[in-house]
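User: Hi! I would like to learn how to read the empty spaces inside a protein. Could you walk me through an example?

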Amino acid sequence: VVSKAVKNPATRIAEPEDGPVHHCGVAGAWSPVSANLPRSLFFMLFSLQHRGQESAGLAWTDPASGAIEHEKGLGMVRETLGSFLERDVPARAAIGHVRYSTAGGSGLRNAQPRVVECNKGRIALAHNGNISNSDALRAELAADGAIFQSSSDTELILHLMTRSRKSDPSEVVREAFSRLEGSYSVVMLWNDELWAIRDPDGFRPLYLATDGGLRLAASETCALLFDGPRPYREIAPGEAWSIGPSGERSFALGGRERSGARCAFELIYFARPDSEVFGRSVHEARTALGAALAEDDGVPGDVVVPVPDSGNIAAMGYARRSGIPFDFGLCRNHYAGRSFIMPDPAKRELAVRMKLMPVRSVVSGKRVVLVDDSLVRGTTSKIIVRLLREAGAREVHLRLSSPEIHEPCYYGIDIPTREELISNRMSPAEIAAEVGADSVRFLPLARLDECLGGKGGHCKACFDGRYPATRGEGN
Ligand code: SF4
């Protein structure tokens with residue numbers, strides 16, 4: 001049974017989350033000798049917790065039996081996989097996943113990694129992204145007798161692999177993955193091999209570290225460096241890499257010519273600032289976004305205040321370029337987590353107050369330049385502006401380090417419908433009136449690529465509507 005609610009565009013989550021939301025992070029490890037890889041995976045997933053907080057899972061190949069074991073559960077990494085800190089679980093290969101749950105998805109049923117025994121052997125697979133032609137593929141496979149146990153794209157990939165008539169693993173992967181459109185950064189255990197595969201457009205990041213015989217793969221470099229520095233490289237868009245007892249290999253999936261479609265929001269908001277994604281330091285990219293936002297702005301301000309934590313670095317870049325002092329005028333309660341997401345708009349303000357409180361000594365009597373990463377519905381910004389005014393701010397000028405969002409995402413990020421996006425209903429001046437700010441300004445779209453830098457092109461479809469790959473049904 002396919003839940004339409006969780007398919008194209010990218011899966012929706014609980015309504016009150018007022019911002020783009022990421023879905024998943026993946027990690028994998030391979031060692032030439034048995035080691036406690038599940039414990040290493042615990043730390044790697046802990047480093048990727050920001051990419052998904054609703055479920056976490058691990059799978060590893062038992063070196064004695066060759067079986068793939070797995071554990072997964074709903075909740076944060078510490079809650080679901082904390083027992084691995086105390087256990088000694090030998091393995092030569094392991095993968096893991098953190099996931100953001102969905103409105104239509106049924107929690108544990110869609111948790112990853114997904115583990116199967118099939119005509120191709122034992123496989124465990126974890127996926128970050130959104131297969132945008134999944135409805136068509138699912139219908140085709142169902143017509144051919146396939147039975148689905150979840151609504152996740154991960155199961156779809158496994159079905160495609162089992163249907164391949166090839167025997168060489170590289171050919172099986174090439175054939176199965178050539179059917180996929182959209183975004184995927186995949187880690188996979190296939191018997192005693194570790195695989196890492198990235199879609200040809202390169203929507204989601206995927207990195208590989210080499211440390212003697214040890215190999216680590218992960219969505220972001222922060223997970224590769226969890227216990228110290230080691231050399232790493234990006235898995236290239238369209239690259240399939242694997243390692244196992246018979247050696248290491250890498251090949252191109254092939255297919256149509258691509259110009260690169262790395263998700264701009266990975267650098268703007270999702271990735272951890274100490275990570276490198278798409279060959280670019282996240283911290284540097286956000287600093288550049290803030291600096292570009294300050295250029296030609298000329299707004300009279302006394303203090304630059306970030307919306308923590310996502311606005312911190314862009315605000316610093318803005319302050320440096322504008323010469324206006326930076327200060328923390330909003331205090332974030334780091335213990336609030338997602339526990340105060342409330343569907344009732346009347347209670348929403350209290351939820352925001354539980355997370356963010358103004359620092360009166362910083363903002364009172366000041367002209368505040370308030371810097372955030374993006375504006376989606378505008379509901380949270382309206383509350384924050386009110387909090388700052390309550391604390392005595394004389395003026396509040398809202399600045400966004402991304403361009404105006406006009407379109408939904410089909411490649412793994414949850415963005416509300418066009419109708420809900422405030423930039424589709426109002427001009428910046430009208431938004432200012434709506435949220436109670438003195439002015440609102442967005443990063444000009446023309447400045448985005450130069451700020452994001454790195455190698456290859458970026459997907460900017462949610463800003464300009466130019467989708468680099470299939471969008472899903474009817475496209
Ligand atoms: S549409 Fe936007 S959020 Fe989706 S992949 Fe492209 S840049 Fe990222």
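User: By class, how many nonpolar, polar and charged residues does the lining of the second largest cavity have?

Analyst: Happy to help, and keep in mind that this is a predicted model. Rolling a probe the size of a water molecule over the atoms shows where empty space is left. Here, the lining of the second largest cavity has 15 nonpolar residues, two charged ones and no polar ones.

User: How many cavities of 30 Å³ or more are there, and what volume does the second largest have?

Analyst: The count comes to three cavities of 30 Å³ or more. The second largest has a volume of about 110 Å³, and its lining is made of 17 residues. Nearest its centre lie Cys263, Cys409, Cys459, Ala461 and Cys462. The largest share of this lining, three residues, comes from α15.

User: What takes up the space of the second largest cavity?

Analyst: The ligand does. Residues around the ligand include Arg204, Phe265, Tyr411 and Ile413. Two elements, α7 (264–270) and α15 (461–464), each give two or more residues to this shell. Sorted by class, the shell has nine nonpolar residues, one charged and no polar.

User: I see cysteines in that list. How many disulfides does the structure hold?

Analyst: A disulfide is a covalent bond between the sulfur atoms of two cysteines. This structure holds zero. Take cysteine 24: the nearest cysteine sulfur, that of cysteine 409, is 13 Å away.

User: Is cysteine 24 buried or exposed?

Analyst: Cysteine 24 counts as buried because its relative accessibility is 4%. Cysteine 409 is buried too, with a relative accessible area of 10%.

Conventions. Residues numbered from 1 in each chain as written. Predicted model: local features only at pLDDT ≥ 70, side-chain atom pairs only at ≥ 80, totals over all residues. Heavy atoms only, no water. Disulfide = S-S within 2.5 Å. Buried < 20%, exposed > 50% of the residue type's maximum accessible area, 1.4 Å probe, protein only. Near = heavy atom within 4 Å. 1 Å grid on protein atoms, 1.4 Å probe; cavity = no way out; pocket = protein on both sides within 12 Å on 5 of 7 lines; lining within 4 Å. Sits in = over half its atoms within 2 Å of the grid points. Helix = DSSP H or I, 4+ residues; strand = E, 2+ residues; numbered from the N terminus. Nonpolar A, V, L, I, M, F, W, Y, C, P; charged D, E, K, R; others polar. Points joined across faces, edges and corners; volume = space filled by probe spheres on them.
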